Structure formats: C-alpha cells, structure tokens
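Biologist: Could you walk me through how to read this model, one feature after another?
Modeller: Gladly; let us look at it together.

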Amino acid sequence: MMVYLCGTDLESNYGMATSDLNEMLYADLGRNVNIIVESGGTKKWQNSAMSTRQNQRWRLVNDGQNRGLQALANLQSKPMTGASTLSDFIRYGAENYPADRYILILWDHGGGSVSGFGYDQKNSYPKSMSLERIDQALKNSKVKFDFIGFDACLMQNIEYANALEPYADYYLASEETEPGTGWFYTAGFGKLAEDPTISTEE
C-alpha cells in the first residue's frame with residue numbers, strides 16, 4: 001500500500017496528516033502488508049519524526065512488538081503536485097516492496113476535475129496536480145493497482161474515473177467535501193493485514 005501524504009495546511013495548522021498516520025499505525029499490520037508513505041508539502045509537521053526541509057519515505061511498522069515509522073529515504077524537497085514526484089514514489093514502492101497487489105492513496109486537498117488534486121504549501125508550482133499530471137504519473141509508473149483512492153474532497157467524478165480506468169480495478173473517492181481527518185484507517189488497514197487475500201470490494 002502506497003500513501004502519498006501531502007500535508008499542506010491540513011497538517012501545519014491542524015495536525016490531520018499526523019492523526020491519520022496514527023490511525024494507520026494503530027492497525028495490527030503484521031508482516032504480510034507493507035505500507036509505504038511519502039511525506040512532504042507542508043511548512044510544519046505536528047510530529048517529531050518528519051522534516052519540512054525535504055520529502056521523506058517511510059515504512060509503517062506495527063507487528064505486535066514494534067510500532068512506528070521506519071525511515072527509508074530522505075529526498076530533496078520536490079513539489080508533491082509534480083507528476084515525476086508521484087511516479088518516482090510509485091516506482092520506488094513497487095521495486096523495493098514487490099507484492100501480489102498494490103493500492104495507492106493520495107492524501108491532501110482536492111478540487112475535482114477543475115482544480116485537480118493537492119496543494120503543496122512549500123512549492124508554488126505546479127499549483128495542483130491536474131488530471132493530465134496524474135495520468136502522466138500513473139502511465140510512467142507502469143503499476144496496475146487494485147484500487148486508487150483519494151482521501152481528499154471532490155475527487156469522485158466521471159473525468160477522473162475515465163482517466164484512471166487503465167491503472168486500477170477500482171477508484172475510491174468522495175464526490176462531495178469530506179472532513180479534514182478523512183478516512184478511518186485503523187479498521188481498513190487492519191482488515192487487509194488480517195487477510196491479505198480479501199477481495200478488493202470487501
């Protein structure tokens with residue numbers, strides 16, 4: 001599972017990305033599921049692990065004995081709204097943690113087919129990740145996903161569904177606004193770790 005975590009003001013002002021990371025870490029992840037996170041795009045993290053000076057990659061660990069963020073890589077600060085930033089992350093996850101199935105979650109603000117996904121608080125260009133940039137990133141990554149999910153407002157629409165169809169079996173998003181805290185991760189991640197062969201629909 002790959003989580004693309006662009007913290008922006010949701011994190012710097014309210015700590016909502018950190019809150020969702022904690023929800024992920026409270027799931028009993030076991031040893032059969034890898035959750036890889038790329039963090040960036042905020043002026044302030046409300047936790048002591050993440051740095052605002054650079055993008056970072058992490059593996060979430062909760063195997064019953066250890067729970068926390070395992071640092072994987074410190075990267076230069078790149079816009080989280082850039083197509084190459086997303087495609088590099090996806091390729092990294094697939095190459096370093098090969099799996100029978102892949103899931104991609106994009107976390108941040110959303111503006112639908114008009115404004116696109118994401119807002120990087122540190123890098124002003126590109127302003128957001130347009131539909132064309134997301135399509136480019138997914139095409140360049142060459143990974144097919146069980147599902148692509150947007151934990152962001154307004155991202156469920158026919159334009160995105162049509163564009164993402166070649167890259168995933170399912171597309172999960174909200175057509176309306178959603179709370180800043182977004183999805184509840186503990187139950188879903190825990191269920192997947194309990195049975196990694198569970199159907200995508202379930």
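Modeller: Please keep in mind that this is a predicted model. A good place to start is a helix resting on strands: helix H7, residues 185-194, lies across strand S1 (2-6), strand S2 (35-40), strand S5 (103-107) and strand S6 (145-151). Relative to S5, H7 runs at about 165 degrees.

Biologist: What is the order of the strands in the open sheet?

Modeller: To read a sheet, walk across it from strand to strand. Here 7 strands follow the order S4-S3-S2-S1-S5-S6-S7, and their pairing is mixed. Strand S4 (67-74) and strand S7 (168-172) are at the edges; each has a single partner strand, so one side of each has no neighbour in the sheet. From one strand to the next, the twist averages 20 degrees.

Biologist: In which sense do S3 and S4 pair, and over how many bridges?

Modeller: The sense tells you how the two strands run relative to each other. Strand S3, residues 56-62, pairs with S4 in the antiparallel sense, over 7 bridges. One of the partnerships to look up is Gln 56 with Asn 74 in S4.

Biologist: Now the helices. At what angle do H3 and H5 pack, and how far apart are their axes?

Modeller: For a helix pair, take the angle and the axis distance together, then ask who touches whom. Helix H3 (residues 83-96) packs on helix H5 (residues 131-141) at about 30 degrees, and their axes are 8 Å apart. Angles under 35 degrees count as roughly parallel, and H3 and H5 therefore fall in that class. The crossing of H3 past H5 is right-handed. On the H3 side you will find Ala 83, Leu 86, Ser 87, Ile 90 and Arg 91, which meet Arg 133, Gln 136, Ala 137, Leu 138, Asn 140 and Ser 141 of H5. By class, the residues of this contact are 5 nonpolar, 4 polar and 2 charged.

Biologist: Which residues make the contact between H2 and H7?

Modeller: The recipe carries over. Helix H2 (residues 16-25) and H7 have axes that come within 7 Å and cross at roughly 35 degrees, and H2 passes H7 in a right-handed crossing. Asp 20, Glu 23 and Met 24 of H2 make the contact with Tyr 185, Thr 186 and Phe 189 of H7. These residues divide into 3 nonpolar, 1 polar and 2 charged.

Biologist: How many aromatic pairs does the structure hold?

Modeller: For rings, check the centre distance first and the plane angle second. There are 6 aromatic pairs. Take Phe 150 and Tyr 160: their ring centres are 5.9 Å apart and their planes stand at 75 degrees, so the pair is edge-to-face. Phe 150 belongs to strand S6 and Tyr 160 to helix H6 (residues 158-164), so this pair ties together parts 10 residues apart in sequence.

Biologist: Finally, the backbone. Which peptide bond is cis?

Modeller: Omega is the angle to check here. The bond from Tyr 125 to Pro 126 is cis, with omega near -10 degrees, and Pro 126 sits in the loop between helix H4 (112-115) and H5. For phi, look at Thr 8: its value is positive, about 40 degrees, although Thr 8 is not a glycine. Thr 8 is located in helix H1, residues 8-12.

Note on methods. Residues are numbered from 1 along each chain as its sequence is written. This is a predicted model: local features need pLDDT of at least 70, side-chain atom pairs count only at pLDDT 80 or more; totals for chains, interfaces and linings use all residues. Side-chain values use heavy atoms; hydrogens and water are left out. Two strands pair if DSSP finds at least two bridges between them. Helices (H or I, at least four residues) and strands (E, at least two) are DSSP runs, numbered from the N terminus. Axes are lines fitted to C-alpha atoms, for helices over the stretch in contact, and angles run from 0 to 180 degrees between N-to-C directions. Contact means heavy atoms within 4.5 Å. Angles under 35 degrees count as roughly parallel, over 145 as roughly antiparallel, 65 to 115 as roughly perpendicular and the rest as oblique. A crossing is left-handed if the near helix is turned anticlockwise from the far one by less than a right angle, and right-handed if clockwise. Ala, Val, Leu, Ile, Met, Phe, Trp, Tyr, Cys and Pro count as nonpolar, Asp, Glu, Lys and Arg as charged, and the others, Gly among them, as polar. Rings of Phe, Tyr and Trp (its six-membered ring) pair if their centres lie within 6.5 Å; planes under 30 degrees apart count as stacked, over 60 as edge-to-face and the rest as tilted.
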